[in-house]
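Look at the model below. This report takes the strands, then a helix, then a pocket.

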Amino acid sequence: AVISVEGTAAVLAKRDGVIVKLEGQEGTRVKQGQMLAQLDDDDSRMQLRQTELEVTRLQYEERQYEATIKVNRSELERQQTLAREGIVSQSEIERAQYKLEVSQQELEKTRLATRMAQARAEAAKLEVEKTVIRAPLAGIITQRLARLGSSIVRNDKLFEISQQSPLEVRFQLAQDDAWQP
């Protein structure tokens with residue numbers, strides 16, 4: 001007789017690492033999304049923290065440029081008023097206009113850098129999430145290949161989980177063993 005299960009899933013490592021926590025045991029029932037193992041995540045968490053700090057720094061820089069733009073805009077308006085009264089030359093207005101434009105460009109450049117840092121932070125979060133090995137479906141762990149403390153590489157098979165139903169049982173009987181009513 002052969003018993004086969006429709007819903008069987010191989011749980012693969014999403015990244016390289018060392019298994020530091022192992023919860024899934026063969027024969028254990030698991031829920032979808034339940035943690036089965038944890039990889040060392042110190043490096044990933046440090047990378048995440050660094051990118052989050054970079055985002056914060058750039059956001060402060062953005063606010064500084066916004067304040068500079070306000071000051072430069074006021075300076076330009078003041079220079080334009082003084083020029084109408086004949087107190088300053090056109091070159092003073094152009095200099096104030098140039099300072100305003102430069103600060104606006106710096107703000108845009110910093111905003112772009114902030115978005116790039118935010119994208120790196122999101123990527124770092126995903127790397128941290130990949131350190132947690134979760135059950136892709138509810139079922140029973142039929143095979144555990146993972147060992148505590150072992151180094152694994154991406155796509156290593158760590159567990160196999162089978163759903164409890166539906167089961168399919170196939171029997172092969174010789175014709176003379178067939179049941180007669």
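## Strands β7 and β9

In this predicted model, Ile141 stands opposite Ile161 in β9. These residues belong to a longer pairing: β7 and β9 (residues 157–162) run antiparallel and share four bridges.

Strand β7 covers residues 139–144 and also pairs with β4, residues 29–30. That pairing is antiparallel too, with two bridges. Here Arg29 has Ile140 of β7 as its bridge partner. What holds such partners together? Strands of a sheet pair through backbone hydrogen bonds, either parallel or antiparallel.

## A four-stranded open sheet

Which strands form the open sheet, and in what order? There are four, in the order β6-β5-β3-β8, and the pairing is antiparallel. The edges are β6 (132–134) and β8 (151–152), each of which pairs on one side only.

Take the link between β5 and β6. Strand β5 spans residues 35–39 and is joined to β6 by three bridges in the antiparallel sense. Met35 faces Arg134 of β6 across this pairing. In a regular strand the side chains alternate between the two faces of the sheet.

## Helix α1

Helix α1 runs from residue 42 to 84, which is 43 residues. Is its length as expected or not as expected? At 1.5 Å a residue, the helix should span 63 Å, and its end C-alpha atoms are 63 Å apart, so the two values agree. Just after α1, Gly86 takes a positive phi of about 80 degrees.

Many positions along α1 can be checked for burial. The buried residues include Ser44, Leu48, Thr51, Val55, Leu58 and Glu62. Further along, Ile69, Asn72, Leu76, Gln79 and Leu82 are buried as well. An α-helix has 3.6 residues a turn, so residues three or four places apart point the same way. Part of the cover over the buried residues of α1 comes from α2 (90–129).

## The largest pocket

Rolling a probe the size of a water molecule over the atoms shows where empty space is left. The largest pocket has a volume of about 180 Å³. Two elements give two or more residues to its lining: β2 (8–12) and β6.

Which residues line this pocket? They are Ala10, Val11, Leu12, Lys14, Glu129, Val132, Ile133, Arg134 and Pro136. By type, the lining has six nonpolar residues, three charged and no polar. Arg134 appears twice in this report: it lines the largest pocket, and it stands opposite Met35.

How values were computed:
Residues are numbered from 1 along each chain as its sequence is written. This is a predicted model: local features need pLDDT of at least 70, side-chain atom pairs count only at pLDDT 80 or more; totals for chains, interfaces and linings use all residues. Side-chain values use heavy atoms; hydrogens and water are left out. Two strands pair if DSSP finds at least two bridges between them. The expected span of a helix is 1.5 Å times one less than its number of residues. Buried means under 20% relative accessible area, exposed over 50%, partly exposed in between (1.4 Å probe, protein chains only). Contact means heavy atoms within 4.5 Å. On a 1 Å grid over the protein atoms alone, a cavity is a set of points where a 1.4 Å probe fits but cannot get out, and a pocket is an open set with protein on both sides within 12 Å along at least five of seven lines; lining residues have an atom within 4 Å of a point. Grid points are joined across faces, edges and corners, and a volume is the space filled by probe spheres set on the points. Ala, Val, Leu, Ile, Met, Phe, Trp, Tyr, Cys and Pro count as nonpolar, Asp, Glu, Lys and Arg as charged, and the others, Gly among them, as polar.
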